[in-house]
Amino acid sequence: MTKRALITGITGQDGSYLAEHLLEQGYEVWGLVRGQMEPRLPLAPHLVPSVRFARGDLLDQGNLVSTVEMVAPDEVYNLGAISYVPLSWQQAEITAEVTGMGVLRILEAIRIVSGIRASRAQPTNRSQIRFYQASSSEMFGKVRETPQNELTPFHPRSPYGVAKAYGHYITQNYRESYGMHASSGILFNHESPRRGAEFVTRKVTLGVARIKLGLAQELRLGNLDAQRDWGFAGDYVRAMHLMVQQDEPGDYVIGTGRIHTVRRFVELAFSAVGLDWNDYVTVDPALVRPAEVDLLCADFGKARRELGWEPSVSFEDLVTDMVESDVKLLSSSAGVRVAPTA
């Protein structure tokens with residue numbers, strides 16, 4: 001029987017890569033999109049021919065119950081969130097509702113529909129819906145140890161991190177209280193050419209592309225000393241799928257175990273087009289977070305042992321791929337021809 005998966009946040013970076021991965025595995029894939037029209041759906045035309053869409057919202061409990069019952073998924077991947085950390089200070093309440101309480105609502109929908117299935121004596125392989133929650137390294141925040149693993153205490157430093165911590169704990173609670181197959185992936189920073197333009201990595205690569213093409217002369221950034229564990233989003237969605245396939249649910253840290261500063265990311269990005277970053281970058285104090293997270297580094301030993309998962313794309317290749325993609329994107333839209341970099 002063909003497996004069926006429902007993905008919230010399908011039009012985001014992770015959702016699109018996960019949908020592609022599941023389609024390659026032979027799944028029937030459904031995506032939850034909001035209201036009258038998901039504004040990012042036109043940005044993901046590659047998904048439209050192969051993915052089926054259901055209208056729904058993480059703010060609407062009744063809708064989620066009816067959607068889960070209608071789609072009848074074997075697996076639900078909750079990637080939907082307000083995930084841009086700086087925005088979470090400006091819209092703390094809606095961040096809590098979507099990123100935090102949204103997890104509770106989708107878990108409750110799964111619990112209700114699973115109960116309905118069991119009462120109807122439907123086949124066992126369709127009676128339990130497996131669940132994946134996208135947790136975040138931002139939950140660690142002001143870290144108490146480095147590197148961070150599944151047992152490292154949380155100390156989130158933003159409304160986003162706090163909301164993610166709630167989602168993580170409520171997933172554990174439903175797993176332990178109701179016996180649900182509910183797993184959380186504590187994902188460290190993961191990037192790709194599909195990353196939203198508001199995130200610092202994509203802001204850098206788009207800025208580099210604009211400067212290379214003569215469309216800009218300056219790139220303004222905040223804290224260049226922040227250190228992160230950056231990996232490739234396509235690698236991380238493989239880990240999501242592997243978690244859901246395990247006999248027993250659990251929580252897994254996913255990262256590369258290597259840390260780099262924002263400054264190093266910037267240096268590599270400019271180097272990819274043959275430029276010196278010192279000539280173009282200006283530090284703007286207004287772009288520094290109210291409460292900064294200075295150092296995040298993953299200990300993904302459990303994922304290596306139990307899932308057999310390893311990252312495949314290096315940090316250096318990731319930065320180069322993102323820059324080259326953005327140079328191509330902007331040169332085609334601006335009608336600019338770019339000479340190859342020596």
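A short chat about the sheet and core of a predicted model follows.

Reader: What kind of model, and which cut-offs apply?
Author: Predicted: local features need pLDDT of at least 70, side-chain atom pairs count only at pLDDT 80 or more, and totals for chains, interfaces and linings use all residues. Residues are numbered from 1 along each chain as its sequence is written, and side-chain values use heavy atoms, with hydrogens and water left out.

Reader: What's the strand order in the sheet?
Author: The open sheet has seven strands, S3-S2-S1-S4-S5-S6-S11, with parallel pairing. Strands are DSSP runs of E, at least two residues, and helices are runs of H or I, at least four, numbered from the N terminus. Two strands pair if DSSP finds at least two bridges between them.

Reader: Which strands stand at the edges?
Author: S3 and S11 (251–254); each has a single partner strand, so one side of each is left without a neighbour in the sheet.

Reader: How many bridges join S1 to S2?
Author: Five, between S1 (residues 4–8) and S2, in parallel. Ala 5 stands opposite Val 29 in S2.

Reader: And S2 itself, mostly covered or not?
Author: Mostly covered: five of the six residues in S2 (residues 28–33) are buried, meaning under 20% relative accessible area with a 1.4 Å probe, protein chains only.

Reader: Switching to the core. How many residues has the largest nonpolar one?
Author: It has 58. A nonpolar core is a set of buried Ala, Val, Leu, Ile, Met, Phe, Trp, Tyr and Cys residues joined through side-chain atoms within 4.5 Å. Ile 7, Tyr 77, Tyr 132 and Ile 254 have the most contacts inside that core. A second, separate core of 25 residues includes Val 76 and Ile 82.

Notes. Buried < 20%, exposed > 50% of the residue type's maximum accessible area, 1.4 Å probe, protein only.
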